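Okay, thanks for making room for me on the agenda. I'd like to walk you through one model, so let me put it up on the screen.

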Protein chains: 2
Amino acid sequence: MSMIGQSISIGELARRADCKPETVRYYERIGLLRDATRTGGGQRRYGDDAVRRLTFIRHARDFGFSVESVRELLAMSDQPDMPCQEVDAIATHHLKKVESRLQRLSILREELQRMITQCAGGKVESCRIIEVISDHQLCITEKSHGGALDLG
Amino acid sequence: MSMIGQSISIGELARRADCKPETVRYYERIGLLRDATRTGGGQRRYGDDAVRRLTFIRHARDFGFSVESVRELLAMSDQPDMPCQEVDAIATHHLKKVESRLQRLSILREELQRMITQCAGGKVESCRIIEVISDHQLCITEKSHGGALDLG
DNA sequence: TGTAAACCTTGTAGCAACTACAGCTTCAAG
DNA sequence: CTTGAAGCTGTAGTTGCTACAAGGTTTACA
């Protein structure tokens, strides 16, 4: 259609979507981005559509959606005529996860705050932090912060 | 010292600390747990000290401490006479991370809530969720929820 | 036109913290 | 003494990238 077709290099594309070339290649490999057209020498060249698509992916990832959810969201945004119930479902499901995570983290925060405040600053022997970790009985809540809690 | 030495199997140990045998072997491999004594046939046998140590590790992990932090905490709890400043430092550092994570997650929650509420439930074409993901301009906050946000 | 810097290519390995096999051996109960 | 559960090692998979190494291409400038 246009004369300004595929002229953006992978580095430029990455810059525009605020990520790295490696990430772009990774997305191509796992099928989030379509295979790029290549120069004679084999380098990838992109158009504005790729910029939009990659930007969408990066934003969705910033929102914390998993790559698999992003894949579904992309598929749906490629089908503008479909009803958006599924989009809603994915977002709502994600929100629920965020909320439960928030709850567990705030319990954790209290727990940590409490044990830090209670630590009198003496020897390890009598350190409240070590005690609380040693004996879960000393927690405010039983079993509330179980599960995967890795921070960023 | 005692007659009831090393008599706990890896499965039983795992059960007592609420994890799996694989995890125990993993902790041994990375040096969080000392190498267990073995039966003639090569199976691991543990004593109560291992139960305490593994329980400590699991609790610390439940609190979200990284394995490296757990390693340091363990080293310190092995030195009861030392002052507990470093323990404090680790816990405080961890609390800070939890707090910043909480902040980012709650911004995220609002963002998600807002876009879900605004979605009128029509076609994908006009779906607010897709729109917001497509165009970061539509976010409440600029750039606030950048970075690693993987949920558990 | 030559050349050098900056960029690109593929493939592989690494991160965290486990988890899940496969294929085999050992243990404990009856 | 048999049987079935549990244990052994070693390797690969998970998630979402990131970081090389060892080369090839493009581009800018002299």
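I'll go through the chain contact, then some helix packing, then the core and a few single residues.

One thing up front: this is a predicted model, so please keep that in mind throughout.

Right, the contact between the chains. How many residues does each chain put in? Chain A brings 54 residues and chain B brings 54 residues. If you look at the chain B side, the helices that each supply at least two residues are α3 (48-62), α4 (67-77), α5 (85-118) and α6 (128-134). Which of them gives the most? That's α5(B), with 20 residues. And by class, that side of chain B has 28 nonpolar residues, 16 polar ones and ten charged ones.

Okay, let's stay in chain B and see how some of those helices pack. Take α3(B) and α4(B): their axes come within 10 Å and cross at roughly 135°. An angle of 145 or less isn't enough to count as antiparallel, and so α3(B) and α4(B) are oblique to each other. The crossing of this pair is right-handed. Who's touching whom? From α3(B) you have B:F56, B:I57, B:A60 and B:R61, and they meet B:V70, B:L73, B:L74 and B:S77 of α4(B). That contact comes out as six nonpolar residues, one polar and one charged.

Now go one helix along. α4(B) and α5(B) have axes 10 Å apart and pack at about 155°. So here α4(B) runs roughly antiparallel to α5(B), and the crossing of these two is left-handed. On the α4(B) side the contact uses B:S69, B:E72, B:L73 and B:M76, and on the α5(B) side it uses B:E86, B:V87, B:I90 and B:H94. The class split for this one is four nonpolar, two polar and two charged. You may have spotted B:L73 in there: it's in the contact with α3(B), and it's in the contact with α5(B) as well.

On to the core. The largest nonpolar core has 74 residues, and the ones with the most contacts inside it are A:L13, A:V87 and A:I129, along with B:L13, B:V87 and B:I129. What does B:L13 touch? Leaving out anything up to four places away in sequence, B:L13 touches B:I8, B:V24, B:Y46, B:A50, B:V51 and B:L54. And B:V87, another of those core residues, is part of the contact between α4(B) and α5(B) too.

Let me finish with some single residues. Over in chain A, A:L74 sits in helix α4 (residues 67-77). Buried or partly exposed? It has 18 C-beta neighbours inside 10 Å, so A:L74 counts as partly exposed. Skipping residues up to four places away in sequence, A:L74 touches A:L32 and A:F56.

Then there's A:K97, in helix α5 (residues 85-118) of chain A. With 16 C-beta neighbours inside 10 Å, A:K97 is partly exposed. The C-alpha atoms of A:K97 and A:G64 are 10.0 Å apart, with their positions 33 residues apart along the chain.

Last one, for the backbone people. Most residues other than glycine have a negative phi. A:D18, though, has a positive phi, near 60°. A:D18 is in the loop between α1 (10-16) and α2 (21-29) of chain A, and it's partly exposed, with 15 other C-beta atoms within 10 Å. Over in chain B, B:D18 has a phi near 60°, and B:D18 lies in the loop between α1 (10-16) and α2 (21-29) of that chain.

That's what I had, thanks.

Notes. Residues are numbered from 1 along each chain as its sequence is written. Chains are lettered from A and ligands numbered from 1 in the order in which they are written. This is a predicted model: local features need pLDDT of at least 70, side-chain atom pairs count only at pLDDT 80 or more; totals for chains, interfaces and linings use all residues. Two residues are in contact if their C-beta atoms, placed from the backbone, lie within 7 Å. Helices (H or I, at least four residues) and strands (E, at least two) are DSSP runs, numbered from the N terminus. Ala, Val, Leu, Ile, Met, Phe, Trp, Tyr, Cys and Pro count as nonpolar, Asp, Glu, Lys and Arg as charged, and the others, Gly among them, as polar. Axes are lines fitted to C-alpha atoms, for helices over the stretch in contact, and angles run from 0 to 180 degrees between N-to-C directions. Angles under 35 degrees count as roughly parallel, over 145 as roughly antiparallel, 65 to 115 as roughly perpendicular and the rest as oblique. A crossing is left-handed if the near helix is turned anticlockwise from the far one by less than a right angle, and right-handed if clockwise. A nonpolar core is a set of buried Ala, Val, Leu, Ile, Met, Phe, Trp, Tyr and Cys residues joined through C-beta atoms within 7 Å. A residue is buried if 20 or more other C-beta atoms lie within 10 Å of its own, exposed if 12 or fewer, and partly exposed in between; C-beta atoms are placed from the backbone.
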